[in-house]
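Visitor: Please give me a close look at one part of this model, the nonpolar core, and then set some other parts beside it.

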Amino acid sequence: MIMGAAVSTVYYNLKLRHPTLDMPIIDYDLALLIQPMLMLGISIGVAFNVIFADWMVTVLLIVLFIGTSTKAFLKGVETWKRETILKKEAARCLGSNGAGAGEVEYKSLPSGPRSGPQKDAMEPEVTILENINWKELGLLVFVWVAFLGLQIAKNHTASCSIVYWVLDLLQIPVSLVVSLYEAISLYKGRRVIASKGDDGKSFRVFQLVSYCAFGVLAGIVGGLLGLGGGFIMGPLFLELGVPPQVSSATATFAMTFSSSMSVVEYYLLKRFPVPYALYFVAVATIAAFVGQHVVRKLIILLGRASLIIFILAFMIFVSAISLGGVGISNMIGKFHRHEYMGFENLCKYDR
């Protein structure tokens with residue numbers, strides 16, 4: 001379901017540009033730094049999903065979602081206040097120029113870079129071919145294909161054999177090489193995270209290591225809970241100072257690779273009901289496309305990019321309540337039936 005929504009959203013975003021800078025709305029360099037680590041974390045998280053008991057996953061989900069939704073909500077409030085200040089300043093300038101005190105047209109994001117001139121919010125879309133950074137996309141696809149090949153090869157070996165673990169551990173150098181290449185390029189200034197403006201041109205080693213570590217953590221959580229990592233990456237990108245539209249688009253772009261890999265891994269583990277999933281893929285794809293269109297129009301109409309943050313926080317909180325409630329109900333049922341609720345053995349799991 002998440003993969004279907006992500007693919008639909010990415011297709012929509014591929015035609016859009018950054019709200020304030022002359023670049024795609026998807027920050028490919030940011031995705032290239034995070035996505036390989038995200039993929040590595042996904043593989044670890046899927047293994048943890050098999051090992052951990054259902055109640056452990058439920059507790060982790062509730063704690064993580066409530067914490068993330070609270071953090072995102074506070075970020076939304078902060079962004080809303082800054083938007084309000086900017087709108088008042090713009091209205092005051094219009095009034096002093098005799099232009100009236102009507103509603104101010106939305107121009108740029110308050111949390112976005114201000115080093116360049118503002119762009120018209122109604123700037124026309126460009127073609128997909130013009131809006132793709134092919135080199136970065138090629139490296140991202142390489143990581144995905146390499147992980148896919150390793151997962152398929154691993155599925156044809158005996159569980160926990162020497163070959164099995166060798167293939168499993170080969171995912172580490174694949175992800176490290178690509179992320180290390182991007183991190184070194186960012187550190188030396190050969191590449192920049194352009195969506196942050198001037199702030200994206202200089203990075204310390206600690207920052208880059210932290211970003212990669214958060215990518216692994218997001219992947220582990222995404223693989224463990226079946227989320228694709230987007231619920232972690234979105235708030236993280238906001239904390240890095242990336243504008244809300246760019247944060248959402250880039251997180252969804254990276255999530256497309258991670259969620260599709262989760263689908264492959266769960267399918268190989270025979271934990272993936274195909275007919276049931278296809279129905280939700282169709283529903284999520286349509287809903288995501290409609291949602292992107294409606295939210296973009298609302299941002300232009302109301303001049304509030306913080307809407308994206310509030311929607312994100314609300315959906316994460318609702319997920320915590322609904323999924324947590326179902327998980328607690330199942331946990332109570334197993335307790336009454338005296339079922340085993342401890343750790344499982346990955347090596348003895350029947351694929």
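Guide: Contact here means heavy atoms within 4.5 Å. The model is predicted, and local features need pLDDT of at least 70, side-chain atom pairs count only at pLDDT 80 or more, and totals for chains, interfaces and linings use all residues. Residues are numbered from 1 along each chain as its sequence is written, and side-chain values use heavy atoms, with hydrogens and water left out.

The largest nonpolar core (buried Ala, Val, Leu, Ile, Met, Phe, Trp, Tyr and Cys residues joined through side-chain atoms within 4.5 Å) has 65 residues, and Leu225, Met233, Phe237 and Phe253 have the most contacts inside it. Helix H2, residues 28-51, gives the most to this core, with 13 residues; helices are DSSP runs of H or I, at least four residues, numbered from the N terminus. Setting aside residues up to four places away in sequence, Phe237 touches Leu30, Ile34, Val242, Ser247, Thr250 and Ala251.

A charged residue can be set beside this core: Glu136, in helix H4 (residues 134-155), is buried, with a relative accessible area of 7%, where buried means under 20%, exposed over 50% and partly exposed in between, for a 1.4 Å probe and protein chains only. With the exclusion of residues up to four places away in sequence, Glu136 touches Tyr28, Asp29, Leu32 and Arg191.

Val290, by contrast, is placed in helix H10, residues 274-302, and is partly exposed, at a relative accessible area of 46%. Finally, the buried residues of H11 include Leu307, Ile308, Ile309, Ala313 and Ile316, together with glycines such as Gly324, Gly327 and Gly333, and H11 is followed by His338, whose phi is positive, near 60 degrees.

Notes. Helices (H or I, at least four residues) and strands (E, at least two) are DSSP runs, numbered from the N terminus.
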